[in-house]
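Here are a few short exercises to work through with the model open beside you. Try each task before you read its solution.

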Amino acid sequence: MGRIHLSPPDVGETEREALLRAFDSNWITPLGPEVDAFEAEICGFTGAHAAAALVSGTAALHLALILAEVGPGDEVWVSDLTFVAPVNAARYVGAELRFIDSEWATWNMDPDLLANELVSAAAADRLPKAVIAVDLYGQCAQLDRIAALCDQYGVCLIEDAAEALGATWQGRSAGTFGRYGAYSFNGNKIMTTGGGGMLVGPAEDMERARYLAAQARKPVLHYEHDEIGYNYRLSNLLAGLGRAQLGRLPAIVDRCHEINGEYRSALGSIEGIDFMPWDGRGRPSGWLTVMTVDTDALASAATPESICAHLAKQEIEARPAWKPMHAQKAFAGVPTIGGAVADQIFQTGVCLPSGSGLSETDQARVIASTLEALDPRSG
Ligand SMILES: *Cc1c(COP(=O)(O)O)cnc(C)c1O
């Protein structure tokens, strides 16, 4: 019995061929025809105006903040419940942070808390330079409301759609609601290039992003630099791999939905067990299925930790939900608006193996093992 991972890459012959195609045709050219095509295809898929293929989602967030001209002392407000990358990126540019708690409907940034905080900030003349709204576990935040609020106050909205490529909100693609959107192609994301990311936004800004990502080198023969740049461009080989993955993304998303549905039907009727709500106004990418455990309502003494431990013993990877940013030592003292919802999600959430390559047999193994962990008669 092999180990079952949380979200392993789902790659096969199509990806292998794409990689070899890029290798055979473009290895010796410094140009990136696969990169150009990958950017165009991401725009075609999401409806974004323009794109810049980069080495990671974190690099995309970093460049978005630079394009938004966020600098030392400026405030950036970020979802409290998130993977750390957007918060780190805000620190790279010297920004002051403020965390906004989740709401229950989507588990993402609470638009009401954001609205209230914007009112106070406007009155005190301390509006943020940017808001980074994260689409958690593949589900979009209430982006129509968040985008309207940011517009109203003239604040740059950056959408961190690293976990949500393939998702929509009110029919529109994740990543396209703010001025900038960031995607990740890390090995554990819904589609992968091994490592990579993409920034999307207005055409002139993406041109500048590509320039900054290539050491800010001026288009002249000698090496001319007027400002600081970064080495953030995605390699042509990996872009080839990304194109193959993107072609399969609709099928990958559908498979993730099947997996989610199977978990819900097998475990959802147990007293005390529930799942991350999927808000009907959007369609999540289904990147990870997150189960919630209400220990007071359970018939057994199981806890999220005991369930993860039981699964680990059977070579199944399961993890708690993201630990909120306000509870991280690295960000101690950062002002946080709310925080109780994020805390509760962290205390109750269990991410189950959800990779699109998960076989029915392997999912049955995960379910059986979870049922054992929940059985009042066991341990
Ligand atoms: C994975 C992730 C990122 C960062 O992407 P990398 O490609 O790993 O740098 C950013 N934000 C969120 C919410 C993520 O989950």
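**Exercise 1.** Where in the chain is the place of Gln-170? Then describe its backbone and its accessibility.

*Solution.* Keep in mind that you are looking at a predicted model.
- Step 1: Gln-170 sits in the loop that links strand E6 (168-169) with strand E7 (172-173).
- Step 2: Most residues other than glycine have a negative phi.
- Step 3: Gln-170 is not a glycine, yet its phi is positive, at about 50°.
- Step 4: Its relative accessibility is 46%, and buried stops under 20% while exposed starts over 50%, so Gln-170 is partly exposed.

**Exercise 2.** Which sheet includes E6, and how do its strands pair?

*Solution.*
- Step 1: The strands follow the order E7-E6-E11 in an open sheet of 3 strands, and the pairing is antiparallel.
- Step 2: E7 and strand E11 (282-283) are the edge strands, each pairing on one side only.
- Step 3: Between E6 and E11 there are 2 bridges, in the antiparallel sense.
- Step 4: To find this pairing in the viewer, look for Thr-168, which stands opposite Arg-283 in E11.

**Exercise 3.** Is Trp-107 buried or exposed? Place it in the chain as well.

*Solution.*
- Step 1: Trp-107 belongs to the loop between strand E3 (96-100) and helix H5 (111-123).
- Step 2: Although Trp-107 is not a glycine, it has a positive phi of about 70°.
- Step 3: The cut-off for buried is under 20% relative accessible area; Trp-107 has 2%, so it is buried.

**Exercise 4.** What is the strand order in the open sheet of 8 strands, and which strands stand at its edges?

*Solution.*
- Step 1: The order reads E1-E9-E8-E5-E4-E2-E3-E14, with mixed pairing.
- Step 2: Strand E1 (50-54) and strand E14 (336-337) each have a single partner strand, so one side of each lacks a neighbour in the sheet.
- Step 3: The partner of E1 is strand E9 (residues 197-201); the two run antiparallel and are joined by 5 bridges.
- Step 4: Within this pairing, Leu-54 has Gly-197 of E9 as its bridge partner.

**Exercise 5.** Which strands does helix H2 touch, and which does helix H4 lie across?

*Solution.*
- Step 1: Helix H2 (residues 33-46) packs on the sheet and touches E1, strand E8 (180-184) and E9.
- Step 2: The direction of H2 makes about 130° with that of E1.
- Step 3: Helix H4 (residues 85-92) lies across strand E2 (75-79), E3, strand E4 (130-134) and strand E5 (156-160).
- Step 4: H4 runs at about 155° to E3.

Technical notes. Residues numbered from 1 in each chain as written. Predicted model: local features only at pLDDT ≥ 70, side-chain atom pairs only at ≥ 80, totals over all residues. Heavy atoms only, no water. Helix = DSSP H or I, 4+ residues; strand = E, 2+ residues; numbered from the N terminus. Buried < 20%, exposed > 50% of the residue type's maximum accessible area, 1.4 Å probe, protein only. Pairing = 2+ DSSP bridges. Contact = heavy atoms within 4.5 Å. Axes fitted to C-alpha atoms, helices over the stretch in contact; angles between N-to-C directions.
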